[in-house]
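Hello,

I am passing a structure on to you, with some notes on what turned up in it. Please look it over before you read the notes below.

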Amino acid sequence: MTELAPEATEDLLEECWEQIDSPNQSTNPLAALLQRHLQRTRHIYRLESPENSQASFPPPNWHDWAWAANAVWWTPEDNGKPAVLSDPAGRQLHGPGNFDAEAQIPFLPESRQRRLESETVLRNRNLDPVDGTAPLPSSSEIETFAPAIAAKRMLGLFAVAARAEAMANNQTLDLDRVRERSPLAADALTPAEKDFFDLISPPAEMVDTAAWRYESLHTLQWALQMQPDLDWPDERCDLASVLRLILSLPHEDLIEHAILRPMEELLQAADLHVCLWWKLAVEGAAGRDVPGGLDPGVVAERVHALTWLLQLSGFVPEEAADMSWDQVGREIERGIVG
């Protein structure tokens, strides 16, 4: 078994990615999760079988290693046989024809244990978890944005939500006013948020969406240890507390002294809210009432903020953090979470 050089790794991952993204492939519910698994890949090894070997691939004695290593198998195109991606047990995850219904994307024990804990929380509140949803990656596979980046994002969210609140009260708050009061908040706006400010009279739906950003803001305050708790999402955050923290502290200090909570706390909160998001999606699709007193808007904003902070959609350069926020929002609208 030989580890590939970085350039060969990039080429192989690109080939895998193109296969998953190919319009010629059959619809695969695992495709998005598989793409994210490949994005987290740290090492790629080449395993070669003896010449003219008739043994199956992967050999059974490698299955346990692959599960423990969180690995998937890539069998390249050979003698007219198309390339195939398989799970640790050799079951087809992606490739020509139908994928194996029993195939599983591997996750480390830490991830599976965290999911069990999230499901226990749901059951303790008389909520049945949704079966078949994948857990979140482990702490060794995650890289958060830097605390300063998270603090800047918090300021951008404050500007957006404040404008929505002003418009709801028949007041105005344009970008020049924001820049005058907090240049850092104005500079932290994402492309979509700048579009919101460019519109003198944005649609009511856009204003309503912007007003919900107080919940994302509250979530990032919690992640930055500015809020003590992230309570059960059955009601909106304490707006007075959120605003007091933003308005009473110099924004330069918020960025300079930003500190994130431990990774385990962030991942546990994210996993729980992803479970809740799936529960709301399934119950909503069935036309049933919102379960557990949950507020769907609060759940969605928390999922948005934590998915972005933990880069669950894949690693991006810090200079692209603002665009990443918009991308996460589009993924959540399309039903892709975690």
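**Salt bridges around E283**

R288 has a relative accessibility of 48%, so it counts as partly exposed. Please keep in mind that this is a predicted model. The side chain of R288 forms a salt bridge with that of E283, at 2.6 Å from N to O. E283 is at 11% relative accessibility and therefore counts as buried, since the limit for buried is under 20%.

E283 also has a salt bridge to K279, with 3.2 Å between N and O. Those two residues sit in helix α13, which covers residues 263-285, and they are four residues apart, or about one turn of the helix. K279 counts as buried because its relative accessibility is 9%.

What else does K279 touch, leaving out residues up to four places away in sequence? The contacts are D128, V130 and P291. V130 is 149 residues away from K279 in sequence, yet the C-alpha atoms of the two are 5.9 Å apart in space. K279 in helix α13 thus has a partner from a distant part of the chain, 149 residues off.

**The pair in helix α4**

A further salt bridge joins the side chains of E110 and R114, at 2.4 Å from N to O. Helix α4, residues 109-124, holds both of them, and they are four residues apart, about one turn of the helix. This is the spacing given above for E283 and K279, which are also four residues apart.

Are E110 and R114 buried or exposed, or something in between? E110 counts as partly exposed because its relative accessibility is 30%. R114 is at 1%, so it counts as buried. The pair does not stand alone: E110, R114 and E264 are linked in a network of salt bridges.

As background, side chains of opposite charge can pair when their charged atoms come close. In the whole protein, the count of salt bridges comes to 10.

**A negative patch**

On the surface there is a patch of negative charge, made up of E10, D11, E14, E15, E77 and D78. Where in the fold does D78 sit? D78 belongs to the loop between β3 (73-75) and β4 (84-86). With a relative accessibility of 45%, D78 counts as partly exposed. That value lies between the two limits, because buried means under 20% and exposed means over 50%.

**Loop residues**

Two asparagines have a positive phi although neither is a glycine. For N70 the angle is near 65°, and for N170 it is about 60°. N70 is in the loop between α3 (63-69) and β3, whereas N170 is in the loop between α5 (147-168) and α6 (175-181). Their surroundings can be compared by relative accessible area. N70 has 10% and is therefore buried, while N170 has 75% and is therefore exposed.

Another loop residue to note is T41, between α2 (31-39) and β2 (45-46). T41 is partly exposed because its relative accessible area is 24%. The C-alpha atom of T41 is 8.6 Å from that of A71, and the two residues are 30 apart along the chain.

**The protein as a whole**

How many helices and strands does the protein have? The secondary structure comes to 15 helices and five strands. The protein has 338 residues, and 49% of them are buried. R114, at 1% relative accessibility, is one example of a buried residue.

The protein exposes about 17600 Å², and carbon and sulfur atoms supply 50% of that area. Counting contacts with a separation of 6 or more, 71% are between residues 24 or more positions apart. The contact of K279 with V130 is one such case, at 149 residues apart in sequence.

**Where to look**

If you open the model at one place, take E283, with its salt bridges to K279 and to R288. From there you can turn to the network of E110, R114 and E264, and then to the negative patch that includes E77 and D78.

Regards

Methods:
Residues numbered from 1 in each chain as written. Predicted model: local features only at pLDDT ≥ 70, side-chain atom pairs only at ≥ 80, totals over all residues. Heavy atoms only, no water. Patch = residues over 30% accessible without salt bridge, like charges linked within 9 Å, V, L, I, M, F, W, Y side chains within 5 Å. Areas by Shrake-Rupley, 256 points an atom, 1.4 Å probe, with all protein chains shown as cover. Salt bridge = Lys/Arg side-chain N within 4 Å of Asp/Glu carboxyl O. Lys, Arg positive; Asp, Glu negative; His and termini not counted. Charge placed at Lys NZ, Arg CZ, Asp CG, Glu CD. Buried < 20%, exposed > 50% of the residue type's maximum accessible area, 1.4 Å probe, protein only. Contact = heavy atoms within 4.5 Å.
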